[in-house]
Amino acid sequence: MPEPQHRSSRCWRRRCRAELGGNLRADRCPAGAPRRDSGRERELAEAADGRVIDLLVVGLGVTGAGVALDAATRGLTVVAVDAHDLAFGTSRWSSKLEHRGLRYLANGQLRVARECAVERGILLTRTAPHSVHPLPMVLPLGPMVAPEQGAIGAVGLRLGDALRVGAHTPRGALPAPRRLSPAEALELAPELHRQGLRPRD
C-alpha cells in the first residue's frame with residue numbers, strides 16, 4: 001500500500017536517513033520515496049554539497065531563527081536546520097511577551113532572573129528598540145485579593161524593578177511600577193468593578 005501523501009515530507013526524510021545512514025542528500029533519495037516538488041530539496045542538496053559555510057544553526061525556534069537572521073544580514077553564509085519546522089516547539093506557544101524573570105525570582109533562581117532582565121534590557125535598548133516596547137498592565141486590588149496577597153504582589157514588582165536596575169536598563173526604556181488610585185485604575189480599565197477597589201494595602 002502506498003504511503004499517505006500528507007505524510008510525504010516526514011516519510012521521505014526517514015527513508016532517506018535509513019538508506020543513506022544519516023547522510024541526508026536530496027539528490028540521492030530512494031526512487032520510491034514520495035517527494036514534494038519544492039525548493040526544500042534543492043536547499044538540502046546545496047547544504048550537503050561540500051561547500052564551507054560560516055554558521056550552522058540547529059533548531060529554528062525564536063532563538064535559532066533570530067541567530068540565523070542576524071548572521072545572514074551580516075553577510076555570513078548560514079545553514080539553518082530543524083527536526084520539524086520553524087517555531088515547531090516551544091516558540092509556537094509564545095505570547096510574544098519578554099517576561100521580567102519574576103517567576104525565576106520567586107523560585108530563588110536569582111542568576112536566571114538576572115539573565116532574563118539583562119536580555120530584556122538589550123532588546124529594549126540595542127537589538128530591537130523599534131519592535132520591543134513596554135506593555136502597561138493594571139493589577140487591581142479588589143475584594144477578592146487578600147491584603148497579604150496584595151503585599152506580596154507589591155514586593156514582587158519592587159524586586160522586578162530591582163532587576164531592571166541591576167541589569168542597567170534605563171527607566172526611560174522600562175518605567176518603574178507605580179500605585180494607582182481607584183479613579184486612575186478605572187480610567188485605564190473601565191470594565192473593572194468600582195466597588196471595593198483599594199489604592200494600597
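Val 57 stands opposite Ala 80 in strand β2. In that strand, the bridge partner of Leu 55 is Val 78. This is a predicted model, and these pairs belong to a parallel arrangement: 4 bridges join β1 (residues 55-58) to β2 (residues 78-81).

**The strands and their helix**

Helix α3 spans residues 62-73. Together with β1 and β2, α3 makes a β-α-β unit. The unit is right-handed.

The rest of the chain is helical or lies outside these elements. In total there are 7 helices and 2 strands. Along the sequence the pattern reads α-α-β-α-β-α-α-α-α.

| Element | Residues |
|---|---|
| α1 | 8-20 |
| β1 | 55-58 |
| α3 | 62-73 |
| β2 | 78-81 |
| α4 | 102-106 |
| α5 | 110-127 |

**The nonpolar core**

Which residues make up the largest nonpolar core? There are 7 in all: Tyr 104, Leu 105, Ala 113, Cys 116, Ala 117, Leu 163 and Ala 167. Two elements, α4 and α5, each give two or more residues to this core. Helix α5 gives the most, with 3 residues. In soluble globular proteins, nonpolar side chains tend to be buried together.

Take Ala 113, one of the core residues. Leaving aside residues up to four places away in sequence, Ala 113 touches Gly 101, Tyr 104, Leu 105 and Leu 163. Of these contacts, Tyr 104, Leu 105 and Leu 163 are themselves listed in the core.

**The chain overall**

The chain has 201 residues, and 25% of them are buried. Its exposed surface comes to about 14400 Å². Carbon and sulfur atoms supply 57% of that area. Now consider contacts with a separation of 6 or more: residues 24 or more positions apart account for 45% of them.

**Confidence**

How far does the predictor's confidence reach 70 or more along the chain? It does so for 78% of the residues, and the mean pLDDT of the chain is 78. Where is the mean pLDDT lowest and where highest among the elements? Helix α1 has the lowest, at 41, and β1 has the highest, at 94.

Over residues 1-34, pLDDT stays under 50. The model has 43 contacts beyond four places in sequence for this stretch.

Notes
Residues numbered from 1 in each chain as written. Predicted model: local features only at pLDDT ≥ 70, side-chain atom pairs only at ≥ 80, totals over all residues. Heavy atoms only, no water. Pairing = 2+ DSSP bridges. Right-handed = clockwise from strand over helix to strand, strands pointing away. Buried < 20%, exposed > 50% of the residue type's maximum accessible area, 1.4 Å probe, protein only. Contact = heavy atoms within 4.5 Å. Areas by Shrake-Rupley, 256 points an atom, 1.4 Å probe, with all protein chains shown as cover. Core = buried A, V, L, I, M, F, W, Y, C linked by side-chain atoms within 4.5 Å. pLDDT = per-residue confidence, 0-100.
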